[in-house]
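Colleague: I have the model open and would like to go through the sheet and whatever packs around it. Can we start with the terms and then take it strand by strand?

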Amino acid sequence: MKLTPVQKRAARMARNNSGLDMNLVALIDIFTILIFFLMSSTGIEVLTNSRAVKLPNSVAEKTPRQTIVVSVSETDIVVDGRKVADVADAMQLKDDLIPGLKAELDLLASRPVLGADKDGTSKAVTIMGDKRIPYSLLRKVMATGARAGFVEIAFAVQRKT
């Protein structure tokens with residue numbers, strides 16, 4: 001008996017059918033949600049739990065934005081997790097410019113900003129300064145940020161409860 005092409009195809013499909021179907025759409029949805037959760041869970045909340053920086057208390061109600069974070073402890077100046085300068089060296093500088101901090105901020109300023117204004121020129125930085133650091137060091141960090149082109153400078157504080 002001679003089979004038609006349609007019958008041959010049906011027989012071949014019946015022979016190769018393993019009975020196992022994998023739904024990739026549900027798997028892709030799970031991985032998308034997992035990636036979204038991992039990306040959204042990293043932010044300023046993680047950085048405020050740092051043991052090296054004791055933030056000053058405040059009654060501010062404004063929630064922080066996602067910006068570049070400059071953390072100033074009693075010993076180190078750190079930009080987004082990278083140590084860029086020592087506090088002792090920065091305090092001995094005669095000028096208000098901290099070279100390591102300026103170089104790192106210039107590098108970050110050259111990258112495109114996701115949350116920028118329509119013209120793309122708005123650059124923001126958040127300073128997490130230890131409450132025991134002197135104002136002269138804080139002034140140097142702010143001046144260096146301004147010279148690097150960051151026009152919005154905010155301070156991270158611990159909310160009073």
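Modeller: One term first, since the pairing below depends on it: two strands are taken to pair if DSSP finds at least two bridges between them. Please also keep in mind that this is a predicted model.

Colleague: Fine. Which residue stands opposite serine 71 in β5?

Modeller: Serine 71 has methionine 128 of β5 opposite it, and the two strands concerned, β2 (residues 68-72) and β5 (residues 124-129), pair in the parallel sense over five bridges.

Colleague: And in what sense do β2 and β3 pair?

Modeller: Strand β3, residues 76-79, pairs with β2 in the antiparallel sense, over three bridges, and a hairpin of three residues joins β2 to β3. Within that pairing, valine 72 has isoleucine 77 as its bridge partner in β3.

Colleague: Does isoleucine 77 have anything on the β4 side, and if so, what stands opposite?

Modeller: Alanine 85 in β4 stands opposite isoleucine 77, and β3 and β4 run antiparallel, joined by four bridges.

Colleague: So what is the strand order of the sheet?

Modeller: The sheet is open and has five strands in the order β4-β3-β2-β5-β6, with mixed pairing. The edges are taken by β4 (82-86) and β6 (152-155), and because each of these has a single partner strand, one side of each is left without a neighbour in the sheet. On average, neighbouring strands of this sheet are turned by 25 degrees against each other, if direction is ignored.

Colleague: Back to β2 for a moment: which of its residues are buried on each side?

Modeller: On one side these are Ile68, Val70 and Val72, and on the other Val69 and Ser71, so that both faces are covered, because buried here means under 20% relative accessible area and each of these residues meets that cut-off. Put as a count, five of the five residues of β2 are buried, whereas for the chain, with its 161 residues, the buried share is 27%.

Colleague: What about glycine 129, buried or exposed?

Modeller: Glycine 129, which lies in strand β5, has a relative accessible area of 11% and is therefore buried. Its C-alpha atom is separated by 8.1 Å from that of valine 70, although glycine 129 and valine 70 are 59 residues apart along the chain.

Colleague: Changing topic, how many cavities of 30 Å³ or more are there?

Modeller: The count comes to one cavity of 30 Å³ or more, and the volume of the largest cavity is about 30 Å³. Its lining consists of Val70, Leu101, Leu105, Val125, Ile127, Val141, Met142, Gly145 and Ile153, and the elements that give two or more residues to that lining are α5 (99-109), β5 and α6 (135-147).

Colleague: Which element gives the largest share, and what classes of residue are in the lining?

Modeller: The largest share, three residues, comes from α6; by class, the lining has eight nonpolar residues, one polar residue and no charged residues.

Colleague: And how does α6 sit relative to the strands?

Modeller: Helix α6 lies across β2, β3, β5 and β6, and runs at about 150 degrees to β6.

Colleague: Last one: how many helices and strands does the chain have?

Modeller: The chain has six helices and seven strands, which from the N terminus on run α-α-α-β-β-β-β-α-α-β-α-β-β. Among the contacts in the chain with a separation of 6 or more, 69% are between residues 24 or more positions apart.

Terms used
Residues numbered from 1 in each chain as written. Predicted model: local features only at pLDDT ≥ 70, side-chain atom pairs only at ≥ 80, totals over all residues. Heavy atoms only, no water. Buried < 20%, exposed > 50% of the residue type's maximum accessible area, 1.4 Å probe, protein only. 1 Å grid on protein atoms, 1.4 Å probe; cavity = no way out; pocket = protein on both sides within 12 Å on 5 of 7 lines; lining within 4 Å. Points joined across faces, edges and corners; volume = space filled by probe spheres on them. Nonpolar A, V, L, I, M, F, W, Y, C, P; charged D, E, K, R; others polar. Axes fitted to C-alpha atoms, helices over the stretch in contact; angles between N-to-C directions. Contact = heavy atoms within 4.5 Å.
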